[in-house]
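Welcome, and take a moment to turn the model around before reading on. The report below is meant as a friendly first tour.

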Amino acid sequence: MAASRPGSGDAGVCVADVDIVDRCIAENRLACYVPALRGCDDGFRLRIVLHGFGTVWRDADRAERVVLAAEEPERFDRRWDAFLAAYIEYLCGCDGLQAPAWTRQPQRYLEQMWWSGDYFGFERGRVVVTTPAVFEAHGVWIADSDLVVV
């Protein structure tokens, strides 16, 4: 019988698979997404972060989530620096995890509010009302419904 992953409760996961899982988590840390975010527009950036990273986060266990969030992503755009910090704080808060210290650095907050999506005028009231407090604190407007990973 193959050795189980410690704490997994799954007798079918062998030790060799742990290296694959750990490497997958290491390669999907939020910090690893910055190169892809540099080369695209804001709409695609949202998809990469909310769907790509959001899916990895959703499927990770608590210990893996700590690894996903721990490393500070390189700063590359004031708006997105704030967005990434707010997103990690939001995800950690939803899971009862302590957000990493890098999310609270002054460079991770905007002085003026930024609309993270192309919201129509009639949508903006809903966005303002439903933006999670942590995003608002970082200066980012985003509808809470946009944060749902499907």
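Here is a walk through the overall fold, two of the helices, an arginine, the aromatic rings and the cysteines.

**The overall picture**

Please keep in mind that this is a predicted model. The protein has 7 helices and 2 strands, and along the sequence they follow the pattern α-α-α-α-α-β-α-α-β. Of the 150 residues in the protein, 43% are buried. Among contacts with a separation of 6 or more, 63% join residues that are 24 or more positions apart.

**Helix 3**

Helix 3 covers residues 42-59. How far apart should the ends of its 18 residues be? At 1.5 Å a residue, the expected span is 26 Å, and the end C-alpha atoms are 25 Å apart, which agrees. The N-terminal end is capped by Asp41, which has a side-chain oxygen 3.2 Å from the backbone nitrogen of Gly43. The buried residues of helix 3 are Arg45, Leu46, Ile48, Val49, Leu50, Phe53, Gly54, Thr55, Val56 and Trp57. Their cover includes helix 2 (34-38), helix 4 (62-70) and helix 5 (78-95).

**Helix 5**

Helix 5 has 18 residues, for which 1.5 Å a residue gives an expected 26 Å; its end C-alpha atoms are 26 Å apart, in agreement. At the start of helix 5, Asp77 brings a side-chain oxygen to within 2.9 Å of the backbone nitrogen of Arg79. After helix 5 comes Gly96, with a positive phi near 70°. Buried residues of helix 5 include Trp80, Phe83, Tyr87, Glu89 and Cys92. Among the elements that cover the buried residues of helix 5 are helix 2, helix 3, helix 4, strand 1 (114-115), helix 7 (133-138) and strand 2 (140-141).

**An arginine in helix 4**

Is Arg65 buried or exposed? Arg65, which lies in helix 4, has a relative accessibility of 13%, so it counts as buried. Leaving aside residues up to four places away in sequence, Arg65 touches Trp57, Arg58, Ala60, Asp95 and Leu97.

**Aromatic rings**

The structure holds 12 aromatic pairs. One of them joins Trp115 and Tyr119: the ring centres are 6.2 Å apart and the planes meet at 65°, so this pair is edge-to-face. The ring of Trp115 has another partner, since the charged end of Arg124 sits over it, 4.1 Å from its centre. Elsewhere, ring pairs link Tyr33, Phe53, Trp57, Trp80, Phe83, Tyr87, Tyr90, Trp114 and Phe135 into a cluster. Two members of this cluster, Phe53 and Trp57, are among the buried residues of helix 3.

**Cysteines**

How many disulfides does the structure hold? The structure holds 0 disulfides. Cys92 is in none, and the nearest cysteine sulfur, that of Cys94, is 9.4 Å away. A pair of sulfur atoms would have to be within 2.5 Å to count as a disulfide.

The table gathers the accessibility of several residues named in this tour or related to it.

| Residue | Relative accessible area | Class |
|---|---|---|
| Cys32 | 33% | partly exposed |
| Arg65 | 13% | buried |
| Cys92 | 2% | buried |
| Trp115 | 23% | partly exposed |
| Tyr119 | 11% | buried |

The edge-to-face pair of Trp115 and Tyr119 thus appears in the table with one partly exposed ring residue, Trp115, and one buried ring residue, Tyr119.

Note on methods: Residues numbered from 1 in each chain as written. Predicted model: local features only at pLDDT ≥ 70, side-chain atom pairs only at ≥ 80, totals over all residues. Heavy atoms only, no water. Helix = DSSP H or I, 4+ residues; strand = E, 2+ residues; numbered from the N terminus. Expected span 1.5 Å × (residues − 1). Buried < 20%, exposed > 50% of the residue type's maximum accessible area, 1.4 Å probe, protein only. Contact = heavy atoms within 4.5 Å. Polar contact = N/O pair within 3.5 Å; in protein donor to acceptor, adjacent residues only side chain to side chain. Phe/Tyr/Trp six-rings, centres within 6.5 Å; stacked < 30°, edge-to-face > 60°. Lys NZ or Arg CZ within 6 Å of the ring centre and 35° of its normal.
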